[in-house]
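Got your viewer open and a hand on the mouse? Let's take a walk through this complex, one selection at a time.

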Amino acid sequence: MRDRLASAIVVSLAFALAASAAYAHAQLEKATPAVGAAVAAPSEIRLKFSEGVEPRFSHIALTAADGAAVPLGPAKVEPGDPTTLVAPIAKTLAPGVYTVRWSAVSVDTHHTRGDFDFTVKP
Amino acid sequence: MMPAHFWRVVVGALAAVVAASWLSPAFAHAVCGDRIFPATLGIDDPGVSDELALPTLTWLPKNSGGAQEFDATASWTKTILPGLGLSFTDGPTWRGPGGYGWESLDTELKYNFFCVAAFEFMGSVGLDVDWGRTGTRTQYEPFNTYTPVLDVGKGFGDLPKSLNVLRPLAITAEVSSSVPGQSWSDGNQNPTTLNYGFTLQYSLPYYNSHIAEIDNDFLKRLVPITEFVFSKPISNVPPGANLTTGTIQPGLVYMADSWQLAVESIMPINGASGHGVGVVAEVHFFLDDIDPDSLGKPIFMGGK
């Protein structure tokens, strides 16, 4: 039994090593403005994912508290860092609560999505 | 002989199910909308995907039979079609008294039949078969046991933002009935049992990406969880065995990108369920993430 258990652990570790180099679902790791934060008016939305994303199929939308869409420039990945998606904000944001809605397609085509709020301080 | 009308309805229903499986975004991990349900240990999660649980280690100081028990199992799920998977589970067990043996083979055919993304609500149905006369003679039953299973999961991300702190919550639940292939064996009655359970889970990954940033790489991957697992004989019950047994299993799940580690304690609800606090731990690999182009995709209709 001990040998079989050891074999299971070895196979498990091998998978762990393989997994460390694997693609996965792109989860939002960090955002600028930060999720739930109160900040000065930002000039861009910057989303850092756990995996590289395909910019052609990944989107960011921004809405004000009244539901009005805030125009954004096209979302692009950071040069040299396919895990970071950036969309410029076309105008200076007035104080208030804003909602970021994102959808991401990781480089292995898994879909994920989410949303969060941030507040622009007066 | 079934009328042609009947078969048209059946074919139409199957076509609708296949079409729905293409349209749903749910068929990788147990993902539905913004929610990722982690793999759980006491009951099954509501998703179907290519995955490998290796190993699942369980230690009980005294099981329901009064013996100390240690199990080491492995489980592999292979998707056949998107949302339809077949899993194989087996492994050794050691009981003192009782000795070492190999558990009987367990398989489950499971279909993830719905996901309402906006409500983070998904469900699966399955047929589990515990194959008699497989494994070590001291461990197996001389008959198959058939268990139809329903699994559902509901995340609460659709709650209003005034209740933000509750939005990372999710509940999953399972109900099944285990029907033995023989009513009697070796002079003993084999009861049919009703099995049911649920989990309460609070996803810090969800909190980090939807509510407020967690500035700690370890914490933001944890899911505190408690599982409640029960079983009750409902027919062909031997005299004196009409007791509900079960366990309460608080623990933690650490969710990495393509694997997870879960550790739970096992607390029996009564003497018939065991004595003392046990522990179960599992390393779980999501093969659809590790190898999405071959091992991790469905055998049929697995194109992207």
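Start in chain B: select B:Phe121 and B:Lys154, which stand opposite each other, with B:Lys154 in strand S10(B). Strands here, like helices, are DSSP runs numbered from the N terminus; a strand (E) has at least two residues and a helix (H or I) at least four. Two strands count as paired if DSSP finds at least two bridges between them.

A note before you click on: this is a predicted model, so local features need pLDDT of at least 70, side-chain atom pairs count only at pLDDT 80 or more, and totals for chains, interfaces and linings use all residues. Residues are numbered from 1 along each chain as its sequence is written, while chains are lettered from A and ligands numbered from 1 in the order in which they are written.

**Stop 1: strands S8, S9 and S10 of chain B**

Now show all of S10(B), residues 145-155, together with S9(B): the two pair in the antiparallel sense over 10 bridges. Next add S8(B), residues 106-116, which is joined to S9(B), residues 121-130, by 10 bridges, also running antiparallel. Which residue in S9(B) is the bridge partner of B:Val116? Click on B:Phe121 again, and you have found that partner. S8(B) and S9(B) form a hairpin with four residues between the strands, where B:Glu120 takes a positive phi near 50 degrees.

In general, strands of a sheet pair through backbone hydrogen bonds, either parallel or antiparallel.

**Stop 2: strand S3 of chain B and its partners**

Select residues 51-60 of chain B, which make up strand S3. Eight of these 10 residues are buried, so S3(B) is largely enclosed by the rest of the structure. "Buried" is a matter of counting: a residue is buried if 20 or more other C-beta atoms (placed from the backbone) lie within 10 Å of its own, exposed if 12 or fewer, and partly exposed in between.

S3(B) pairs with S4(B) in the antiparallel sense over eight bridges; to see one spot, pick B:Thr56 and its bridge partner B:Thr73 in S4(B). S3(B) is also joined by seven antiparallel bridges to S18(B), residues 278-286, where B:Ala281 is the bridge partner of B:Leu57.

Stay on S4(B), residues 68-81, and find B:Trp76 in it. Is B:Trp76 buried or partly exposed? With 17 other C-beta atoms within 10 Å, B:Trp76 is partly exposed. Leaving out residues up to four places away in sequence, B:Trp76 touches B:Leu52, B:Ser87 and B:Phe88; a contact is a pair of residues whose C-beta atoms, placed from the backbone, lie within 7 Å. For a long jump, go from B:Trp76 to B:Asp215: they are 139 residues apart in sequence and 35 Å apart in space, C-alpha to C-alpha.

**Stop 3: two sheets in chain A**

Move to chain A and show the open sheet of four strands, in the order S1-S3-S7-S6, with antiparallel pairing. Strands S1 (28-32) and S6 (76-78) of chain A stand at the edges with a single partner strand each, so one side of each has no neighbour in the sheet. S6(A) pairs with S7(A), residues 81-88, over three antiparallel bridges, and A:Glu78 stands opposite A:Asp81 in S7(A).

Then colour the open sheet of five strands, S2-S9-S8-S4-S5 of chain A, where the pairing is mixed. Here S2 and S5 (69-70) of chain A are at the edges, so each has one side without a neighbour in the sheet. Two antiparallel bridges join S4(A), residues 59-64, to S5(A), with A:Leu62 opposite A:Val70 in S5(A).

**Stop 4: the nonpolar cores**

A nonpolar core is a set of buried Ala, Val, Leu, Ile, Met, Phe, Trp, Tyr and Cys residues joined through C-beta atoms within 7 Å. The largest one has 43 residues, and A:Leu47, A:Phe49, A:Ile60, A:Leu85 and A:Val100 have the most contacts inside it. A second, separate core of eight residues includes B:Val31, B:Ile36, B:Phe37 and B:Ala170.

**Last stop: colour by confidence**

pLDDT is the predictor's confidence in each residue, from 0 to 100. Its mean is 90 for chain B, where 90% of residues reach 70 or more, but it is below 50 over residues 9-28 of chain B. Chain A has a mean of 85, and pLDDT stays under 50 over residues 15-23 of chain A. Where pLDDT is low, the predicted coordinates should not be read in detail.

Key: Contact = placed C-beta atoms within 7 Å.
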